[in-house]
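Please work through the exercises below with the sequence and the model in view. Each task is followed by a solution that proceeds step by step.

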Amino acid sequence: MKRFDQINMIPFIDIMLVLLAIVLTTASFVSQGLIPVNLPTAEQVSEPSKDEEPLEIAINAQNEFFLGEEKVTLEQMAAKLKVQAKPETLIVLRIDKAAVFEHFVKLIDLLKAQELNNLSIQAQQEP
């Protein structure tokens with residue numbers, strides 16, 4: 001009887017490559033943000049340029065403000081924006097369509113007061 005001293009690695013590598021292909025094809029490469037926001041729809045939707053990392057501000061359906069992934073009040077956001085944002089910083093606004101419009105207006109007013117005018121409002125493409 002022949003002694004079995006080696007393990008054939010080729011089937012193992014084949015299985016790993018198949019699993020890798022499955023993971024890569026099912027993964028979503030489009031980042032929608034971690035804050036759940038039901039974006040309004042629009043006919044003309046474009047992606048912001050990827051030249052720089054944008055600063056993301058969100059208002060969810062419960063009218064809570066988020067700077068990045070951190071939940072903040074409007075006053076806390078004003079203080080953090082003074083430190084984090086420059087006038088040329090791209091700011092992406094993600095506003096839930098159920099959010100109160102007054103909160104959006106207050107946010108825009110805050111950004112204008114700090115001379116942060118490089119804004120992009122995110123929406124989803126109409127079907």
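The exercises proceed from the overall fold to the sheet, the core, one helix and selected residues.

The model is predicted: local features require pLDDT of at least 70, side-chain atom pairs count only at pLDDT 80 or more, and totals for chains, interfaces and linings use all residues. Residues are numbered from 1 along each chain as its sequence is written, and side-chain values use heavy atoms, with hydrogens and water left out.

**Exercise 1. Overall fold**

Determine how many helices and strands the protein has and in which pattern they follow one another.

Solution. Step 1: helices (H or I, at least four residues) and strands (E, at least two) are taken as DSSP runs, numbered from the N terminus. Step 2: on this basis there are three helices and seven strands. Step 3: along the sequence they give the pattern α-β-β-β-β-α-β-α-β-β. Step 4: contact means heavy atoms within 4.5 Å; of the contacts with a separation of 6 or more, 74% join residues 24 or more positions apart.

**Exercise 2. The sheet**

Establish the strand order of the five-stranded open sheet and state which strands stand at its edges.

Solution. Step 1: two strands pair if DSSP finds at least two bridges between them. Step 2: the order is β4-β3-β2-β5-β6, and the pairing is mixed. Step 3: β4 and β6 (119-121) are the edge strands; each has a single partner strand, so one side of each lacks a neighbour in the sheet. Step 4: on average, neighbouring strands are turned by 25 degrees against each other, direction ignored.

Step 5: the individual pairings can now be assigned.

| Strands | Sense | Bridges | Opposed residues |
|---|---|---|---|
| β3 and β4 | antiparallel | three | Phe66 and Lys71 |
| β2 and β3 | antiparallel | three | Ile57 and Leu67 |
| β2 and β5 | parallel | five | Ala58 and Arg94 |

Step 6: buried means under 20% relative accessible area, exposed over 50%, and partly exposed in between (1.4 Å probe, protein chains only). Four of the five residues of β2 are buried, so this strand is largely enclosed by the rest of the structure.

**Exercise 3. The core**

Identify the elements that supply two or more residues to the largest nonpolar core.

Solution. Step 1: a nonpolar core is a set of buried Ala, Val, Leu, Ile, Met, Phe, Trp, Tyr and Cys residues joined through side-chain atoms within 4.5 Å. Step 2: the largest such core has 21 residues, and those with the most contacts inside it are Ile57, Met77, Leu81, Leu93, Leu107 and Leu111. Step 3: two or more residues come from each of β2 (55-59), β3 (65-67), α2 (74-84), β5 (91-95) and α3 (101-113). Step 4: α3 gives the largest share, five residues. Step 5: Leu111 touches Ile57, Leu81, Ile91, Leu93, Leu116 and Leu119, leaving aside residues up to four places away in sequence. Step 6: α3 lies across β2, β3, β5 and β6, and runs at about 170 degrees to β5; axes are lines fitted to C-alpha atoms, for helices over the stretch in contact, and angles run from 0 to 180 degrees between N-to-C directions.

**Exercise 4. The two sides of α2**

Explain why the buried residues of α2 lie on the same side of the helix.

Solution. Step 1: the buried residues are Leu74, Met77, Ala78 and Leu81. Step 2: they cover an arc of only 105 degrees around the axis, which places them on the same side of α2; the arc is that of the directions from the helix axis to the C-beta atoms. Step 3: these residues pack against β2, β3, β4 (70-72) and α3. Step 4: Glu75, Lys82 and Val83 are exposed on the other side of α2.

**Exercise 5. An aromatic pair**

Classify the ring pair formed by Phe101 and Phe104.

Solution. Step 1: rings of Phe, Tyr and Trp (its six-membered ring) pair if their centres lie within 6.5 Å; planes under 30 degrees apart count as stacked, over 60 as edge-to-face and the rest as tilted. Step 2: the centres are 5.8 Å apart and the planes are at 35 degrees, which makes the pair tilted. Step 3: Phe101 and Phe104 are three residues apart in α3, and therefore separated by about one helical turn. Step 4: Phe101 is exposed at 60% relative accessible area, whereas Phe104 is buried at 18%.

**Exercise 6. Positive phi**

State where Asn63 and Glu115 are located.

Solution. Step 1: most residues other than glycine have a negative phi. Step 2: Asn63, in the loop between β2 and β3, has a positive phi of about 60 degrees. Step 3: Glu115, in the loop between α3 and β6, also has a positive phi of about 60 degrees. Step 4: Glu115 is exposed, with a relative accessible area of 55%.
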